[in-house]
Amino acid sequence: MFITIWGKKIWYEIYGTEYHDTLLYLHGGPGASCLDFANQAKALSEKMKVVTFDQLGVLRSDALDENESYSMEYQIEMVEEMRKLLGIEKWSILGHSYGGMLAVLYASTYPNSIHKVILECPSLCFEDSAKSTAEYLSEHIHSLDNKTAVELCEKIKSTDYQDKTEVVFDLSTLLSYVTDMELRFYLHGISFDEYELSMDTTDIPDEMWSKGEQHLMKLLETQPMPDGSLQKRVQMTDNLLPMLTKITAPILLINGKYDPACTKNQIEYIMNHAQNVTQAIFENSAHFPRLEEPQKYTNTILGFLEL
């Protein structure tokens, strides 16, 4: 289904339409889409309404125009407008990876629109996540006998990046060298084949996937003010951890034991600084507990939401 927000078509789906209690899923990436949440959405919809959508510029939603301004603030304004258009008074929100950044920003900006916040393997400080991921990949990278890849891996681990966008491109390049697909996609409890089978990609042509790069590039741009000057906005390369202190809603932190993106530093910060937080550790998971330990994941979500 599509919903039109400010002239843009956003692909969305609602599961469990008969229920009042609602959970919104915010996918990661940036640009990953909500495809791999479908099975959990179906399972959770036995007890609640679940809303999933592809963010603007991603997969089935409208592409971003070349000259179109886009930002994280714009993303959460679209989320708030979607809530109003769907007639939902309040909802709980679940953000995975980069979606955790959106969840924190949305909960900080619109506290009266949410009940509870779930952060699944969030990456709330991209540079910290990138360094952790480089460490996670280090043994594999060194085994490739590729000097350029090794140098890049060591650079990410040791550099204090002044230009934070540089680390995004460095990590993306490093991942392109990885030949072990379980490592490449941060998997532990399932194989890469099982990961692929978890998503229905029927009728998803290649050109839909190609939108993701433009989506990422737009998020990395510095947005201009109407007078031509530059305005500091929230960027995906910012450290969003301090925003957690503003959130009064209950928070559930879900993290996979072997996940490199949701780092030890970030977990400790969340547990020590969030006002009302509970942690659920998935012992046989990396970055995708919902796929790697699905039944435990479903039960954990429903238990936190008390459904």
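# Exercises on cavities, rings and backbone

The residues lining the largest cavity are I10, L26, F53, Q55, L56, Y70, Q75, M78, V79 and L102. The structure is a predicted model, and the exercises below work through its enclosed space, its open space, its cysteines, its rings and its backbone.

**Exercise 1. Describe the enclosed space in the model.**

Solution.

Step 1. Rolling a probe the size of a water molecule over the atoms shows where empty space is left. A search of the whole structure gives two cavities of 30 Å³ or more.

Step 2. Take the largest cavity, which holds about 70 Å³ of space. Its lining consists of eight nonpolar and two polar residues, with no charged residues. Helix 2, residues 72-85, gives the most to this lining, namely three residues.

Step 3. Turn to the second largest cavity, with about 40 Å³ of space. Ten residues line it, and S71, M72, L219, V234 and Q235 are those nearest its centre. By class, this lining has four nonpolar, three polar and three charged residues.

Step 4. Set the two linings side by side: charged residues are absent from the lining of the largest cavity, whereas the lining of the second largest cavity has three.

**Exercise 2. Characterise the largest pocket and the backbone at P30.**

Solution.

Step 1. The largest pocket contains about 1,300 Å³ of space. Of the 47 residues that line it, G29, P30, G31, A32 and R184 lie nearest its centre.

Step 2. Several helices give two or more residues to this lining, among them helix 3 (98-109), helix 4 (126-142) and helix 10 (211-220). The largest share, six residues, is from helix 6.

Step 3. Sorted by class, the lining of the pocket comprises 25 nonpolar, 16 polar and six charged residues.

Step 4. Now examine the backbone. Most residues other than glycine have a negative phi, and most peptide bonds are trans. The peptide bond from G29 to P30 is cis, its omega being near -5°. P30 is placed in the loop between strand 3 (22-26) and helix 1 (38-44).

**Exercise 3. Determine how many disulfides the model contains, and examine C34 and C153.**

Solution.

Step 1. A disulfide is a covalent bond between the sulfur atoms of two cysteines. The cut-off for the two sulfur atoms is 2.5 Å, and the count comes to zero disulfides.

Step 2. For C34, the nearest cysteine sulfur belongs to C121 and is 18 Å away. For C153, the nearest cysteine sulfur is that of C125, also at 18 Å. Neither C34 nor C153 is in a disulfide.

Step 3. Check accessibility. C34 counts as buried because its relative accessibility is 3%, and C153 counts as buried because its value is 0%.

**Exercise 4. Analyse the ring pair of Y195 and F288, and find where charges sit over rings.**

Solution.

Step 1. A pair of aromatic rings is described by the distance of the centres and the angle of the planes. The whole structure has ten aromatic pairs.

Step 2. The ring centres of Y195 and F288 are 5.3 Å apart and the planes meet at 50°, so this pair is tilted.

Step 3. Y195 belongs to helix 8, and F288 to the loop between strand 8 (277-282) and helix 12 (289-292), so the pair ties together parts 93 residues apart in sequence. Both Y195 and F288 are buried.

Step 4. Extend the view to further rings: ring pairs join F185, F192, Y195 and F288 into a cluster.

Step 5. Look for charges. R184 lies over the face of F185, 5.0 Å from the ring centre. The charged end of K9 sits over the ring of F2, at 4.9 Å from its centre.

**Exercise 5. Locate L59, C121 and V51, and decide whether each is buried or exposed.**

Solution.

Step 1. L59 is not a glycine, yet its phi is positive, at about 45°. The residue lies in the loop between strand 4 and helix 2. L59 is buried because its relative accessible area is 2%.

Step 2. C121 also has a positive phi, near 45°. Its place is the loop between strand 6 (114-120) and helix 4. With 0% relative accessibility, C121 counts as buried.

Step 3. V51 is located in strand 4, residues 49-53. Its relative accessible area is 0%, so V51 is buried. Although V51 and Y12 are 39 residues apart along the chain, their C-alpha atoms are separated by 7.1 Å.

Key
Residues numbered from 1 in each chain as written. Predicted model: local features only at pLDDT ≥ 70, side-chain atom pairs only at ≥ 80, totals over all residues. Heavy atoms only, no water. 1 Å grid on protein atoms, 1.4 Å probe; cavity = no way out; pocket = protein on both sides within 12 Å on 5 of 7 lines; lining within 4 Å. Points joined across faces, edges and corners; volume = space filled by probe spheres on them. Helix = DSSP H or I, 4+ residues; strand = E, 2+ residues; numbered from the N terminus. Nonpolar A, V, L, I, M, F, W, Y, C, P; charged D, E, K, R; others polar. Buried < 20%, exposed > 50% of the residue type's maximum accessible area, 1.4 Å probe, protein only. Phe/Tyr/Trp six-rings, centres within 6.5 Å; stacked < 30°, edge-to-face > 60°. Lys NZ or Arg CZ within 6 Å of the ring centre and 35° of its normal.
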